[in-house]
Amino acid sequence: MIIETKNDQERKILSEFKKKVGDLNLEEMTLIRFLIAREFNIEAAENMLRSSMQWRKDHRMDHIFEWKSPEYLHKDLPYSIPGFDKNGGPVVHIPFGKWNHRCWVEKGYGEDLLRWGYRLIEDAFQKATSDGLRQCTAIFDLGGISYYQAAHIPSLKVLYNGFKALEQNYPEMLKSIVIVNAPWLFAIPFNFIKGTISPNTLSKLKIFDSNKKIWLDYLLERCPEKSLPKAYFEDQNGN
């Protein structure tokens with residue numbers, strides 16, 4: 001799905017918005033994303049956009065891939081972008097249930113974890129915008145999550161700030177968020193970060209429990225098999 005204006009009124013507002021923020025020299029697609037996020041309110045969209053540009057500067061986001069991320073992040077907080085969905089948007093797989101984030105937050109590396117989250121978002125965003133904007137399908141797999149990890153408040157604060165950055169700086173990046181293998185304790189982190197998530201993003205959320213057949217069928221309706229983790233198609237013997 002490619003983001004675009006839908007009617008003459010939106011195109012007129014976009015034309016006015018271009019003049020207001022012409023000094024930023026941004027692509028039209030970026031302007032459309034921020035207008036949509038603020039329901040085509042030019043003043044609100046401009047405030048959001050300029051704040052986002054300052055955030056990118058403050059966090060050196062244009063140089064995020066030059067950051068030599070510590071090896072423990074790759075090992076204990078993995079993610080992958082295994083392919084593209086049936087509309088051409090990137091599929092981002094985050095095995096959050098197996099992330100060992102608490103250990104590193106307790107050791108004082110919360111800022112590294114947050115920067116790792118920024119890098120993940122920017123990685124997906126660059127792939128999504130390589131040809132216009134094709135929104136991402138994000139899969140959060142909570143398989144293996146424990147109360148020990150899910151209820152750790154300092155870790156939840158890092159997660160909160162990550163989602164806050166996503167909402168404020170990458171509007172309309174997500175087409176859908178699919179959460180699989182969600183246990184009852186999923187409510188703990190979800191309720192903690194829910195306040196950062198816009199109603200529009202919440203409307204894109206789909207939550208499944210551990211019934212693999214149901215959630216895998218749902219994913220396969222939207223993503224080719226080759227764009228999903230190979231482990232999802234292995235039987236109990238690993239074949």
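**View 1. A138 of β3 stands opposite I177 in β4 in this predicted model.** The two strands, β3 and β4 (residues 174-180), run parallel. They are joined by 6 bridges. A138 also has a partner in another strand: V92 stands opposite A138. The view can be centred on A138, with I177 of β4 and V92 as its partners.

**View 2. Strand β3 pairs with β2 in the parallel sense.** Strand β2 covers residues 90-94. The pairing of β2 with β3 extends over 4 bridges. For β3 and β4, the number of bridges is 6. Both pairings involve β3: β2 with β3 is parallel, and β3 with β4 is parallel.

**View 3. Strand β3 (residues 136-141) is mostly covered.** Of its 6 residues, 6 are buried. In a regular strand, side chains alternate between the two faces of the sheet. Here C136, A138 and F140 point one way from β3. T137, I139 and D141 point the other way. Residues of both sets are buried, the charged D141 among them.

**View 4. Helices α1 and α3 pack at an angle of about 45°.** Helix α1 spans residues 8-20, and helix α3 spans residues 42-58. Two packed helices are described by the angle between their axes and the distance between the axes. The axes of α1 and α3 lie 11 Å apart. The angle of about 45° makes α1 oblique to α3. Their crossing is right-handed.

**View 5. Residues of α1 and α3 make the helix contact.** From α1 come I13, E16, F17 and K20. From α3 come I42, A45, E46, L49 and R50. By class, the contact holds 5 nonpolar and 4 charged residues. It has no polar residues. The charged members include E16 and K20 of α1, and E46 and R50 of α3.

**View 6. E39 has a positive phi, near 50°.** E39 is not a glycine. This residue sits in the loop between α2 (28-37) and α3. Its relative accessibility is 73%, so E39 counts as exposed. The cut-off for exposed is over 50%.

**View 7. R60 also has a positive phi, of about 50°.** R60 is not a glycine either. Its place is the loop between α3 and α4 (71-76). R60 counts as partly exposed because its relative accessibility is 46%. That value falls between the cut-offs of 20% and 50%.

**View 8. T201 is buried in helix α10.** Helix α10 covers residues 199-202. The relative accessibility of T201 is 12%, so the residue counts as buried. The cut-off for buried is under 20%. Leaving aside residues up to four places away in sequence, T201 touches E167 and I177. I177 is the residue of β4 that A138 stands opposite.

**View 9. L202 of helix α10 is partly exposed.** Its relative accessible area is 27%. L202 touches F190, K194 and I197, not counting residues up to four places away in sequence. S227 lies 25 residues from L202 along the chain. The C-alpha atoms of L202 and S227 are separated by 24 Å.

Key. Residues are numbered from 1 along each chain as its sequence is written. This is a predicted model: local features need pLDDT of at least 70, side-chain atom pairs count only at pLDDT 80 or more; totals for chains, interfaces and linings use all residues. Side-chain values use heavy atoms; hydrogens and water are left out. Axes are lines fitted to C-alpha atoms, for helices over the stretch in contact, and angles run from 0 to 180 degrees between N-to-C directions. Angles under 35 degrees count as roughly parallel, over 145 as roughly antiparallel, 65 to 115 as roughly perpendicular and the rest as oblique. A crossing is left-handed if the near helix is turned anticlockwise from the far one by less than a right angle, and right-handed if clockwise. Contact means heavy atoms within 4.5 Å. Buried means under 20% relative accessible area, exposed over 50%, partly exposed in between (1.4 Å probe, protein chains only). Two strands pair if DSSP finds at least two bridges between them.
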